[in-house]
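Grab a coffee and have a go at a few short exercises on charged pairs and burial. Try each one before you read its solution.

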Amino acid sequence: MVYTEENIRELILRVLAPPLALFSLQVQNRKNHALIEIELDHLTDKTGSASLEDCETVSRRLKEELDQWGEEFDFTLQVSSAGAERVLRLPEDLIRFQGLLAKLEVPLESGKWDKRVYRLGPVSGDSVELTLYDRKTRHKKNQKSVSMPIAEIRKGNLYLEI
């Protein structure tokens, strides 16, 4: 029997309990084997990062459930956190991570795309307020911000300053 990503997704959603949520799932069915890769989202963490303990707990519970599918279901299970530099889901993550830094791919006036680091500001309608991040001026209070249409942001990740 081939188990589908949908079967596995349903099982994961039954096992997960708030504040943990499914961030991503990939299932690769190979001959007589499935590779199941899961990324977790921690809904109350500032950056959404699940702890190692969270990942271990979910992995253990899922393995127990998957083992009940029988010995003919051979699988490898990998559970991890979406991480503190996660891919942003636009537009909802712009609201969720307001105040944090994000590396966004945005259009330049020339029509080319550029990746820049911004502090995420309030979302208003179809636009987000962004303040360009510069290490040299990061502590200044009156930095100029711009309003950018969310539709113009191609992709982004949270950004951690180290």
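Here are three exercises on this predicted model, each with a worked solution.

**Exercise 1.** Work out where Val 27 lies, whether Val 27 is buried or exposed, and which residues Val 27 is in contact with beyond its neighbours within four places in sequence.

*Solution.* Start with the location: Val 27 is part of strand E1, residues 20–30. Next, take the relative accessibility of 16%; buried means under 20%, so Val 27 counts as buried. Finally, leave out neighbours within four places in sequence, and you find contacts with Glu 5, Ile 8 and Leu 35.

**Exercise 2.** Find the salt-bridge partner of Glu 5 and explain how the two sit in helix H1.

*Solution.* Look for the partner: Glu 5 pairs with Arg 9, with the closest N and O atoms 3.2 Å apart. Then count along helix H1 (residues 5–15): the two are four residues apart, so about one helical turn separates them. Now check exposure: Glu 5 is partly exposed at 33% relative accessibility, and Arg 9 is partly exposed at 27%.

**Exercise 3.** Which parts of the chain does the salt bridge between Asp 41 and Arg 86 tie together?

*Solution.* Begin with the distance: the closest N and O atoms of Asp 41 and Arg 86 are 3.1 Å apart. Asp 41 lies in strand E2 (residues 33–42) and Arg 86 in the loop between strand E3 (75–81) and helix H3 (92–96), so the pair ties together parts 45 residues apart in sequence. As for burial, Asp 41 is buried at 6% relative accessible area, and Arg 86 is buried at 1%. Last step: a network of salt bridges links Asp 41, Arg 86 and Arg 96.

Key
Residues numbered from 1 in each chain as written. Predicted model: local features only at pLDDT ≥ 70, side-chain atom pairs only at ≥ 80, totals over all residues. Heavy atoms only, no water. Buried < 20%, exposed > 50% of the residue type's maximum accessible area, 1.4 Å probe, protein only. Contact = heavy atoms within 4.5 Å. Salt bridge = Lys/Arg side-chain N within 4 Å of Asp/Glu carboxyl O.
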